[in-house]
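The report below treats salt bridges, backbone, surface and pocket in turn. Please keep the sequence and the structure in view while reading.

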Amino acid sequence: MHSPMEQFEIKRLLDFKFAGLDVSFTNSSLWMIIAVILATGVFVMGMRQRALVPSRLQSVAEVGYDFIANMVRDNVGEGGKKYFPFILTLFIFILFCNVLGMVPYSFTPTSHIVVTFAMALFIFVGVTVIGLARHGLHFFSLFVPKGVPFVLLLLLVPIEIISYFIRPFSLSIRLFANMLAGHTMLKVFGGFVVMMGLLGGWAPLAFIVVFTGLELLIAFLQAYVFAILTCLYLNDAVHLHH
Amino acid sequence: MRIPVYSALAAGVFALAVSGTAAAASGGMPQLNVHDFVPQLVWLAIAFLLLYLVMARSAVPAIADTLAKRQAKIQGDLDAAEKANEETRALVVAYEKSLADSRENARGVTRQQGEVDATAAAKRLGELHDRLAAQIADAEKRIAKQRDDVMAGLEQMANEIGQGAYAKLAGQSADAGQLGAKIATAIKGGSR
């Protein structure tokens, strides 16, 4: 019986060293690259015709584009236009990693906290830099809610600061934990199927079927949540609205 | 928007508990293996940068261009349709105007022709009337002349009869002048 956590093990497929760093090509790297290749396939091959009446693949690319374009426009506004390619890349990358992780025997790069945290930290630092660059020291007014009595500010400002700095953690743990939990759960119930045998195994199997559908939904939803929270953080930095 | 975010967070916390238990049961999470961090981070950077370049350089401009072209095409077609519609409306207005003009014209022609006809008829009627009047006058003149002739003959005959009767009665011829005057007076009185 395999451990439910075994599916998350990093396996080095090709060993590389660069400047003293271990840059081995792992199963995680493989599925990231597969995600990039497939996404490129949809977005570059699909758009090769640039047809006015789109083919199926082109429709998929356009729907993805429109989905994120609307999200950025609604949540960040005109100021978010130049960050749109980044948000689109972020969404598509996470979506493809998540969904490809549902393929049996594949690997889910987003089920590793180091990956999600790296993305979240990059966004956090990036958003903070953008905010400081656009508004200078005025950026810190983000921590001071408007129209609040001074006494309450003593309480609210520390809370605002903590909630700001907790963003990279909540952002990364949300995605990582969802992926981890879904895959673990599937594995655990898969184990139940084997344990309960031919007679009792049908119940957990039926659960797995339903849960796989739910996991696909979560794979999409988490990519969406990651992208939209990035938009909201970006909106804070660009507009200082709170 | 808030609801999926919070429910996702809740699901995450629940999931963490489940997987934590699983990890504890199997002895350690692969996610916490520090030795695996660097290769993952390096390849994340490579993969993400690759996808970003693909998106920013190729996909986004291609899609933006296509969407703009499609929008322009749709707008152009709509404009063309609107223009055609406008032209049709103008044509209909022009047609109706020409129809009304023709109708007015036809009415004018009819009226004019009627007037011409009426004038001609009146003229012909007048001519007929004149001709008839002339013929009547002619006839009357002829009748008057014939009556005068008849009257003149009658007077002469009366004179002759008077002369004859006087000669038989008196045995001598009468004074022609005196007899004539008397007969003329009698005829005039009788004709009255």
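## Salt bridges within chain A

In this predicted model, D22(A) forms a salt bridge with R12(A), and the closest N and O atoms of the two side chains are 2.8 Å apart. The pair links distant parts of the chain, since D22(A) belongs to strand β3 of chain A and R12(A) to strand β1 (residues 12–14) of chain A, with their positions 10 residues apart in the numbering.

The two partners fall into separate accessibility classes: D22(A) has a relative accessibility of 17% and therefore counts as buried, whereas R12(A), with a relative accessible area of 31%, is partly exposed. The pair also belongs to a wider arrangement, a network of salt bridges in which R12(A), D22(A) and D36(B) are linked. Over all chains, the structure holds 13 salt bridges.

## A salt bridge between the chains

D65(B) forms a salt bridge with R50(A), with the closest N and O atoms 3.0 Å apart. This pair crosses between chains, running from helix α2 (residues 37–170) of chain B, where D65(B) is placed, to the loop between α1 and α2 of chain A, where R50(A) is found. Both partners are partly exposed, D65(B) at 28% relative accessibility and R50(A) at 37%.

D65(B) has a further partner in K69(B), and here the closest N and O atoms are 3.3 Å apart. D65(B) and K69(B) are separated by about one helical turn, because they stand four residues apart in helix α2 of chain B. K69(B) is partly exposed as well, with a relative accessible area of 48%.

## Positive phi angles

R50(A), the partner of D65(B) in the salt bridge between the chains, has a positive phi of about 50 degrees although it is not a glycine. A second residue of this kind is A19(A), which is likewise not a glycine and whose phi is near 50 degrees. A19(A) lies in the loop between β2 (17–18) and β3 (21–22) of chain A, and its relative accessible area of 73% places A19(A) among the exposed residues.

## Chain B and a nonpolar patch on chain A

Chain B has three helices and zero strands, so that its elements, read from the N terminus, run α-α-α. Of the 192 residues in chain B, 17% are buried. The accessible surface of this chain comes to about 13,800 Å², and carbon and sulfur atoms account for 64% of that area.

On chain A, the residues L198(A), W202(A), L205(A), V209(A) and V210(A) make a nonpolar surface patch of about 580 Å². Helix α7 (residues 202–239) of chain A provides the largest share of the patch, four residues. W202(A) lies in this helix and counts as exposed because its relative accessibility is 55%, which is over the 50% cut-off for that class.

## The largest pocket

The largest pocket encloses about 890 Å³ of space. It is lined by 31 residues, and those closest to its centre are Q7(A), P104(A), Y105(A), H183(A) and K187(A). By class, the lining is made up of 15 nonpolar, 12 polar and four charged residues.

Which helix gives the largest share of the lining of the largest pocket? That share, nine residues, comes from α6(A). The helices α1 (27–45), α6 (167–200) and α7 of chain A each supply at least two residues of the lining.

Methods
Residues numbered from 1 in each chain as written. Chains lettered and ligands numbered in written order. Predicted model: local features only at pLDDT ≥ 70, side-chain atom pairs only at ≥ 80, totals over all residues. Heavy atoms only, no water. Patch = residues over 30% accessible without salt bridge, like charges linked within 9 Å, V, L, I, M, F, W, Y side chains within 5 Å. Areas by Shrake-Rupley, 256 points an atom, 1.4 Å probe, with all protein chains shown as cover. Salt bridge = Lys/Arg side-chain N within 4 Å of Asp/Glu carboxyl O. Buried < 20%, exposed > 50% of the residue type's maximum accessible area, 1.4 Å probe, protein only. 1 Å grid on protein atoms, 1.4 Å probe; cavity = no way out; pocket = protein on both sides within 12 Å on 5 of 7 lines; lining within 4 Å. Points joined across faces, edges and corners; volume = space filled by probe spheres on them. Nonpolar A, V, L, I, M, F, W, Y, C, P; charged D, E, K, R; others polar.
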